[in-house]
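Please open the model in your viewer and keep the sequence panel at hand. The tour below proceeds by selection, with a description of what is found at each stop.

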Amino acid sequence: MVNAQPPKNMLTVRDNRTGKVVDIPIQDNSIPATAFKVLKAPRAEGEREENETEKGLRIADKGFLNTAVIRSEITFIDGDAGVLRYRGFPIEQLATKSSHLETAYLLIYGSLPTASQYKVWQDEVLHHGVMHSDAEQFFKSFRYDAHPMAMLTSAFAYLGSYYSEANPSLQGQKLFTKGDPESLAVMDKQIYRLIGKATTLAAMAYRVRQGRNFVTPPTGLSYTGSFLYQMDHLGEENYKPHPVLEKALDVLFLLHADHELNASATTVLQTGSSLVDPYSAIAAGCASLYGPLHGGANEAVIRMLISIGKPENVPGFLEAVKRKDKVLSGFGHRVYKTSDPRSFIVRQIADEVFRVTGKDELLETAMALHHEAMKDDYFVKRKLAPNVDFWSGLIYRAMGFPLDFFPVLFAVPRVVGWLAHWRQMMLQEGGVKIWRPRQIYVGPGKRDYVAVDERVAEEGPRLTPSPVVHSG
Ligand code: ACO
């Protein structure tokens, strides 16, 4: 009997090289890339052996445009509709009703905490804010003008050196993957430490740049209140951060806490997949976040606005963007093809902050840029709209943060999301598989070593090391 209707949850693929037909199961609207490996073919006449055609078909996806690398329960984004949900809760509800630390619990453990669960969580995180006094030497060893992201990235790796009990290289590679109460306790202690100390390390990077002595994290303040204290406090009695600024920073932290598999979260998972300790994985994520296409964009937006100067210069700037001479930082997103939902919330926070600090002089330019770009065909056609970074930099500037500190203000709250993804991966069903992607090798085929006096020089840009000017 012929089955005329193939099963619905199946993709039928025919390899025209061999005529082979395979049925590939579709689960959760995805197909396993490994299913294509069975499609093997003899090498075509003249085909390179490096194509490994007889070993099975490979899937090419430069830049991970359509590759799902993990099953996740943490964050959902619908980029066409402008939807962002943490563990099912719309970001707009969390931003108005929750706090960064409560949302951190939600992201990492999956549910909103009860009052008593929250108290334990908050106490543990804040309790773990204190750094060993040796860390002062570490921060002071940087040059006076070191970028704070260089300090923060190194500081996370440095922090790991204090906790040999949390290092799978020393304690056994299954330290975090067992999922038993003992293993979970070790894991959660590192989570308290990393979230608790992220603000302390960031504040130390800030103070060393300002030439201020370090301060011990205070008690009795919120997470962001404590962070502001650690940066601002100059010996005043009864220092209290401004409540509007403290709240604004808390909401900004919550909005930045996670964003699914962005470049830095993916880096944390890639690094963590070797079962390295969480401090090293977070340091790697921090490095990835620093790039101007990711967490460095908030700093880049302000540098761009400063370079534009006045609203009158916006049309000229946009022409340069359209010629591809410049990039409109704070616009565009791999996932959102409409406005980033976080950008609306950030825009509201900006108004609240400006009521306290006064308006930023670059606001008019930013508004003109936003207005012009949103009606310009170039941006409309490419579905380029503001992302979270377009407005956040203006708030940080109004609050008095130095420009190069902006990516730090993104990295500190993102530690939460990185840890949520790392913890989920460590505990995932079936254990952790090292992330080892494939490549398409297009380099030279096998060739034999040539003695030095028989070589013909290959010259040209990129083919030889560039000459450099020695300044010393
Ligand atoms: N300004 C001008 N043109 C842009 C911009 C931009 N900000 N973003 C994308 N484009 C153009 C590209 O040149 C390309 O045009 P083309 O089709 O004529 O070649 C098209 O739009 C598609 O862009 P891609 O680069 O393919 O989009 P991708 O998804 O790879 O990149 C990214 C997304 C990196 C965010 C990009 O939009 C960008 O560089 N934005 C500016 C930096 C920024 O704001 N980053 C923060 C991201 S959000 C975050 O990390 C919190």
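Begin by selecting His333, which is found in the loop between helix H13 (314-322) and helix H14 (341-357). The model is predicted. Next, add Asp389 to the selection: the UniProt annotation "active site", taken from an unreviewed entry, covers His333 and Asp389. Although these positions are spread over 57 residues of sequence, they cluster in space, with a largest C-alpha distance of 10.7 Å.

From the loop, move on to H14 and display it together with helix H9 (residues 243-256). The axes of H9 and H14 come within 10 Å and cross at roughly 165°. An angle over 145 degrees counts as roughly antiparallel, and H9 and H14 are therefore roughly antiparallel to each other. The crossing in which H9 passes H14 is left-handed. To view the contact, show the side chains of Val244, Leu245, Ala248, Val251, Leu252 and Leu255 on H9. On H14, the partners are Arg342, Ile345, Val346, Ile349, Glu352, Val353, Val356 and Thr357. Coloured by class, the residues of this contact of H9 with H14 divide into 11 nonpolar, 1 polar and 2 charged.

Now select a second helix pair, H10 (residues 263-272) and H18 (residues 406-426). These two helices pack at an angle of about 40°, and their axes are 9 Å apart. H10 and H18 are therefore oblique to each other. Here H10 passes H18 in a right-handed crossing. Which residues make the contact? H10 contributes Ser264, Ala265, Val268, Leu269 and Gly272, while H18 contributes Arg414, Trp418, His421, Trp422, Met425 and Met426. By class, the contact of H10 with H18 comprises 7 nonpolar, 3 polar and 1 charged residues.

Finally, zoom out to the whole chain and colour it by domain. The domain assignment gives domain 1 (10-55) and domain 2 (81-439). Placing a marker at the C-alpha centre of each domain shows a separation of 41 Å between domain 1 and domain 2.

Definitions and conventions. Residues numbered from 1 in each chain as written. Predicted model: local features only at pLDDT ≥ 70, side-chain atom pairs only at ≥ 80, totals over all residues. Heavy atoms only, no water. Axes fitted to C-alpha atoms, helices over the stretch in contact; angles between N-to-C directions. Helix = DSSP H or I, 4+ residues; strand = E, 2+ residues; numbered from the N terminus. Parallel < 35°, antiparallel > 145°, perpendicular 65-115°, else oblique. Left-handed = near helix turned anticlockwise from the far one by under 90°. Contact = heavy atoms within 4.5 Å. Nonpolar A, V, L, I, M, F, W, Y, C, P; charged D, E, K, R; others polar. Domains from an automatic or database assignment. UniProt positions renumbered as here; feature names shortened; annotations may be inferred.
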